[in-house]
Amino acid sequence: MSTRHTILATPVGDLTVVRDDDGVTGVYFPHHWTRPDRSAFGPRVDDGFEDVAAQLAEYFAGARTEFHLPLHPTGTAQQERVWRLIDAIPYGRTATYGELARALGDGTTAQEVGAAVGANPLSILVGCHRVIGSDGRLTGYAGGLERKRRLLDLESGQRQLEAS
């Protein structure tokens, strides 16, 4: 399988986007908490990411609420279940770690959900920024809490994000 990556300039900073032949495998911020070793990204290329770049631009302009891209994240069965729940959180809405744990219905704790959320390799595309603490506070985000706030503000209609 041919893995490759590119770097896209966005209003929330440069994003490293990684894909293989089956779809997008990762979207990473600079200093991303759970970023794999760069050697796993394959060579940097400038073409083949037009679909991701266009949809992210529309999202940041406030014109896209869902992504329609082939996604190919890799994780444990538990992580992938949590990522599917995150992906089901509608644009402009939030859910708590506890709500996601209860939705799993198998005794998974909020802390275990938090670990899976933190391991989400598809930041923004699978909206882990929409997961908040039980008291409504913003908690951990691989891209930093300021980015999380900016993404939530965009989705609540408070502002469009412009290139920095």
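A residue counts as buried when its relative accessible area is under 20%, and as exposed when that area is over 50%. The model on screen is predicted.

**Stop 1: strand β2**

Select residues 15-20, which make up β2. Colour the two faces separately: Leu15, Val17 and Arg19 lie on one side, while Thr16, Val18 and Asp20 lie on the other. Residues on both faces are buried, so neither side of β2 is left uncovered. Because 6 of the 6 residues of β2 are buried, the strand is largely enclosed by the rest of the structure.

**Stop 2: the sheet around β2**

Add residues 4-8 (β1) and 23-28 (β3) to the selection. The 3 strands make an open sheet, ordered β1-β2-β3, with antiparallel pairing. β1 and β3 are the edge strands, each paired on one side only. Viewed along the sheet, the twist from one strand to the next averages 25°.

Now look at the pairings one at a time. β1 is joined to β2 by 5 bridges, and histidine 5 stands opposite valine 18 of β2. On the β3 side, 5 bridges link β2 to β3. Valine 18 has glycine 26 as its bridge partner in β3, and arginine 19 stands opposite valine 24 in β3.

**Stop 3: the two hairpins**

Follow the chain from β1 into β2. These strands form a hairpin with 6 residues between them. Select glycine 13 in the turn: its phi is positive, at about 105°. Then continue from β2 into β3, where the hairpin connection has 2 residues.

**Stop 4: helix α1 across the sheet**

Select residues 50-60, helix α1. Which strands does α1 lie across? The helix lies across β1, β2 and β3, and runs at about 140° to β2.

**Stop 5: helix α4 and its two sides**

Move to residues 110-118, helix α4, and show the side chains of Val113, Ala116 and Val117, which are buried. These residues are on the same side of α4 because they cover an arc of only 100° around the axis. Rotate to the face turned away from that buried side to find Gln111 and Ala115, which are exposed.

Finally, display what the buried residues of α4 pack against: α2 (77-87), α3 (97-104) and β5 (131-132). With these elements shown together, the surroundings of the buried side of α4 are in view.

Key
Residues are numbered from 1 along each chain as its sequence is written. This is a predicted model: local features need pLDDT of at least 70, side-chain atom pairs count only at pLDDT 80 or more; totals for chains, interfaces and linings use all residues. Side-chain values use heavy atoms; hydrogens and water are left out. Two strands pair if DSSP finds at least two bridges between them. Helices (H or I, at least four residues) and strands (E, at least two) are DSSP runs, numbered from the N terminus. Axes are lines fitted to C-alpha atoms, for helices over the stretch in contact, and angles run from 0 to 180 degrees between N-to-C directions. Contact means heavy atoms within 4.5 Å. Buried means under 20% relative accessible area, exposed over 50%, partly exposed in between (1.4 Å probe, protein chains only). The arc is that of the directions from the helix axis to the C-beta atoms.
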